[in-house]
Amino acid sequence: MTGTSTPAPFTADDYRARMERATRAAADAGLAGLLVAPGPDLVWLTGYAPTATTERLTLLVLAPGQDPVLVVPTLEAPDAEKAAGAPVLTLRDWTDGKDPYAATAALLDASGRFGVSDNAWALHLLGLQKALPRTSYASLTEALPMLRAVKDEAELRLLTAAGAAADATFEEIRKVPFAGRRESEIAADLADLLRRFGHEQVDFTIVASGPNGANPHHEVGDRAVERGDMVVLDFGGLKDGYGSDTSRTVHVGEPTDEERRVHDIVREAQEAGFRAVRPGAACQEVDRAARAVITDAGYGEYFIHRTGHGIGVTTHEPPYMIEGEEQALVPGMCFSVEPGIYLPGRFGVRIEDIVTVTEDGGRRLNNTPREMVTVD
Ligand code: ZN
Ligand code: ZN
Ligand code: ZN
């Protein structure tokens, strides 16, 4: 899911600073510029979130030494002019029947290499390529993975508020009946609660009960939850344009000793991952710290995904807490720490908090109990 809902309340100056930073980063990466289609990058850079992404070209052009230009269909121009970043943009509108690629090509270095937002339509990229056959292109996320990774204070406030709303959702869902109700019904409760606590967009509401919990990709189904089940809950979305994402694993009634033990291991792993968060540490160190606890306890082969992902105007973005990622943590980065153990055919446990890097370690944006909670 991409997150292009209510733009957050930033000023034109904030957007100008972001566009300047992005343009400098592009130049430093050897790019002739950035081409940004509607989606999370455009929201972050300009505050502009067109209601529909269409076959008509909308494209932000950022190039060193030029003012930012937003190419936009004439019929969308009135909406684009309302975007918070519009005052620091030059709008270049084009009407049906005209060739928007030729008009855009006139703005670009004809033999340059450009970073293109990942979600740009192939239709548009191919149109540009035809208009400028000597240009080449790179994924914006691959070229500038950390562009949106370090959050400023206003963004941190929004992410903190989104985390608090997800926590409030957990505090309510733990009170509802689980036994005898379908996963899909509990998921609907989660979505209602997220909206009630201020989310304008719900991205996922995972309710994975009993053996379904052993599949980290299981979202929700018709299975009726039974007494004795472990239930993985993982939910989030966007509140005021910024993401939440938290997991807790609850038990219906009293857990067995084994269920308690596995839950304790995941809780220790989550704690170890959290304690590894400090400026200068590599992302992979967070993964290693969490994974070591699970491996040492003998469950290494059952922890089958990376430890975490970044979060901001989307619920999944760089940086990734994964072996091989040597990117150093920087104060202001926000990401999940979410180890899990998945026992095929039996049950799964995952515990997830969003964590932000501070000068002296990590700060959690989720603060509901990490000890196992029992539900009815
Ligand atoms: Zn059980
Ligand atoms: Zn999650
Ligand atoms: Zn997550």
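The following dialogue explains the terms applied to three zinc sites, two helix pairs and two backbone features of a predicted model.

Visitor: How do you know which residues and ligands are meant, and which values count in this model?

Guide: Residues are numbered from 1 along each chain as its sequence is written, while chains are lettered from A and ligands numbered from 1 in the order in which they are written. As the model is predicted, local features need pLDDT of at least 70, side-chain atom pairs count only at pLDDT 80 or more, and totals for chains, interfaces and linings use all residues; side-chain values use heavy atoms, with hydrogens and water left out.

Visitor: What makes an atom a donor of the zinc ion (ligand 1)?

Guide: Donors are N, O and S atoms within 2.8 Å of the metal (3.2 Å for Na, K and Ca); water is not among the atoms, so sites may look incomplete. Gly228 (O), His251 (NE2), Glu259 (OE) and Glu259 (OE) lie 2.0 to 2.4 Å from the zinc ion (ligand 1), and are therefore its protein donors. Along the chain, their spacing is G-x22-H-x7-E.

Visitor: Why is the arrangement around the zinc ion (ligand 1) called irregular?

Guide: Four donors count as tetrahedral if all angles lie between 85 and 135 degrees; four count as square planar and six as octahedral if opposite donors are over 155 degrees apart and all others between 65 and 115; anything else is irregular. The 4 donor atoms around the zinc ion (ligand 1) subtend angles of 59 to 164°, which makes the arrangement irregular.

Visitor: Which residues hold the zinc ion (ligand 2), and what makes its site irregular?

Guide: The protein donors here are Asp234 (OD), Asp234 (OD), Asp245 (OD) and Glu352 (OE), at 2.0 to 2.5 Å from the zinc ion (ligand 2). The angles among the 4 donor atoms run from 56 to 148°, and the site is irregular. Asp245 bridges this ion and the zinc ion (ligand 3), the two lying 3.0 Å apart. Asp234 lies in strand S8 (residues 230-239) and Asp245 in the loop between strand S9 (242-243) and strand S10 (246-252), so the pair ties together parts that are 11 residues apart in sequence. Strands (E, at least two residues) and helices (H or I, at least four) are DSSP runs, numbered from the N terminus.

Visitor: What makes the arrangement around the zinc ion (ligand 3) irregular?

Guide: Asp245 (OD), His309 (NE2), Glu338 (OE) and Glu352 (OE) coordinate the zinc ion (ligand 3) at 2.1 to 2.2 Å. Angles of 84 to 163° among these 4 donor atoms make the arrangement irregular.

Visitor: Why is helix H9 called roughly antiparallel to helix H10?

Guide: Axes are lines fitted to C-alpha atoms, for helices over the stretch in contact, and angles run from 0 to 180 degrees between N-to-C directions. Angles under 35 degrees count as roughly parallel, over 145 as roughly antiparallel, 65 to 115 as roughly perpendicular and the rest as oblique. The axes of H9 (residues 257-275) and H10 (residues 283-296) come within 7 Å and cross at roughly 155°. That angle makes H9 roughly antiparallel to H10.

Visitor: Why, then, is H7 called oblique to H8?

Guide: Helix H7 (residues 153-173) and helix H8 (residues 183-196) pack at about 140°, with axes 9 Å apart. This angle makes H7 oblique to H8.

Visitor: What is notable in the backbone at Pro319 and at Asp240?

Guide: Most residues other than glycine have a negative phi, and most peptide bonds are trans. The bond from Pro318 to Pro319 is cis, with omega near 5°, and Pro319 is found in strand S12 (residues 317-321). Asp240 is not a glycine, yet has a positive phi of about 50°; Asp240 is found in the loop between S8 and S9.
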